[in-house]
Amino acid sequence: QKMPPSLPATINIQEPRWDQSTFQGRAKHFFMVTDPRNLLLSGATLEEARRVVEDYRAGTVPPGLTEDQLWRAKYIYDSAFHPDTGEKMLLVGRMSAQVPMNMTITGCMLTFYRTTPAVLFWQWVNQSFNAIVNYTNRSGDAPITPSQLGTAYVSATTGAVVTALGLKSLTKHLPAIIGRYVPFAAVAAANCINIPLMRQRELKLGIPVTDENGNRLGESTAAAQKAIFQVVVSRIGMAAPAMAIPPVIMNMLEKRAFLKRYPYLNAPLQVGLVGLCLVFATPLCCALFPQKSSMPVSSLEPEVQDQIRKKDPCLETIYFNKGL
């Protein structure tokens with residue numbers, strides 16, 4: 001049997017397969033990155049993907065490797081290994097865990113919102129999960145200490161729970177449908193607290209900024225602020241359809257005889273509706289901003305601008321990994 005021609009070593013797998021300057025290209029990329037089936041891959045499959053990617057980057061092309069196989073390995077690698085540190089990420093913190101984890105947690109938050117203990121418990125579960133995701137998908141390669149991590153987690157979780165309870169008390173005398181939106185308002189507010197707190201080290205010390213070719217130019221806090229703002233917007237957008245559409249449908253269903261006859265179907269129905277929304281909302285909201293974000297050199301802190309001007313006086317735009 002004739003062997004396929006050897007693959008050229010010139011395919012740029014540092015970048016995603018599709019054009020990231022377009023929303024459509026970013027959406028295709030994130031449908032691959034957030035695919036929940038990646039969670040089922042064995043450790044051996046992940047290590048094989050890592051080997052293929054690292055060998056190819058080093059200029060070694062295994063015989064018979066096709067372009068589709070190379071990109072498949074690249075996406076398996078990206079789904080499990082941090083882009084800046086190269087470390088294997090925590091399973092529940094990976095973007096491929098977003099849909100199954102969020103559909104379960106969000107479905108339960110929307111189902112069990114009537115009592116204070118239930119609100120407390122599910123907000124705590126949600127913020128604990130968010131803390132793991134925010135830590136796992138942080139930008140940069142600088143380590144975060146256990147004390148910093150602990151402080152950020154406690155602050156973020158407390159902020160989320162206080163927000164949820166405050167909103168719950170405010171909606172006591174309002175129509176039932178308004179009460180159903182308390183979890184979303186709490187999640188949106190909590191994202192504004194949790195993400196900056198879990199990534200506070202980046203806000204203090206900056207994140208790596210590079211030129212177009214990935215050459216590191218320094219660390220910038222201005223880039224960190226932009227990165228975290230974009231992630232907050234994406235996360236709130238991600239939660240919006242899953243927490244806004246199911247309450248309307250469930251409110252209608254609860255007035256019908258079907259759910260009164262089978263009340264135990266409430267939670268599974270809610271979780272299923274949330275999951276359906278998240279399958280599309282997660283990759284599409286991740287795609288709102290490019291993963292490799294950019295900003296003008298003139299928008300950076302003066303000392304970072306000076307540092308870059310010394311290295312490359314003509315450079316106008318820097319790039320950075322915004323995190324997810």
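**Exercise 1. Determine how the lining of the largest cavity divides by residue class, and which elements supply that lining.**

Solution. In this predicted model, the lining of the largest cavity divides into six nonpolar residues, six polar residues and one charged residue. As a next step, take the space itself, which amounts to about 170 Å³ in the largest cavity. Of the 13 residues that line this cavity, Asn102, Asn130, Val187, Arg235 and Ala239 are the closest to its centre. Turning to secondary structure, the elements that give two or more residues to this lining are α4 (98-111), α5 (116-136), α8 (182-198) and α10 (221-254), and the largest share, five residues, comes from α10.

**Exercise 2. Describe the second largest cavity by its volume, its lining residues and the classes of those residues.**

Solution. Begin with the count for the whole structure, which holds three cavities of 30 Å³ or more. The second largest of them contains about 80 Å³ of space. Its lining is made up of twelve residues, and those nearest its centre are Met109, Tyr113, Val119, Gln123 and Pro183. The elements that contribute two or more residues here are α5, α6 (146-170) and α8, with α5 giving the most, namely four residues. Sorting the lining by class then yields nine nonpolar, two polar and one charged residues.

**Exercise 3. Establish where the largest pocket lies with respect to domain 1 and domain 2, and characterise its lining.**

Solution. The volume of the largest pocket is about 1,200 Å³. Of the 41 residues that line this pocket, Gln14, Pro83, Asp84, Lys292 and Asn321 lie nearest its centre. Next, assign the lining to elements: α1 (23-33), α3 (67-80), β1 (207-210) and β4 (317-321) each supply at least two residues, and α3 provides the largest share, which is four residues. The placement follows from the domains, since domain 1 (23-81) and domain 2 (95-321) both give residues to the lining, and therefore the pocket lies between them. Finally, the class division of this lining is 13 nonpolar, 18 polar and ten charged residues.

**Exercise 4. Decide how many disulfides the structure contains, and explain the result for Cys277.**

Solution. A search of the whole structure returns zero disulfides. For Cys277, the reasoning rests on distance: the closest cysteine sulfur, in Cys285, is 11 Å from the sulfur of Cys277, which is too far for a bond, because a disulfide requires a pair of cysteine sulfur atoms within 2.5 Å. Cys285 is likewise in no disulfide, and the nearest cysteine sulfur to its own, that of Cys286, is 7.6 Å away. To complete the picture, consider accessibility, for which buried means under 20% relative accessible area. Cys277, with a relative accessible area of 14%, is buried, and Cys285, at 12% relative accessibility, also counts as buried.

**Exercise 5. Compare the UniProt "transmembrane region" annotation with the secondary structure of the annotated spans.**

Solution. First, take the positions from the record: UniProt, in an unreviewed entry, places the feature "transmembrane region" at residues 227-249 and 269-289. Then examine each span in the model. Residues 227-249 are 100% helix and 0% strand, and their end C-alpha atoms lie 35 Å apart. For residues 269-289, the chain is 86% helix and 0% strand, with the end C-alpha atoms 32 Å apart.

Conventions. Residues numbered from 1 in each chain as written. Predicted model: local features only at pLDDT ≥ 70, side-chain atom pairs only at ≥ 80, totals over all residues. Heavy atoms only, no water. 1 Å grid on protein atoms, 1.4 Å probe; cavity = no way out; pocket = protein on both sides within 12 Å on 5 of 7 lines; lining within 4 Å. Points joined across faces, edges and corners; volume = space filled by probe spheres on them. Nonpolar A, V, L, I, M, F, W, Y, C, P; charged D, E, K, R; others polar. Domains from an automatic or database assignment. Buried < 20%, exposed > 50% of the residue type's maximum accessible area, 1.4 Å probe, protein only. UniProt positions renumbered as here; feature names shortened; annotations may be inferred.
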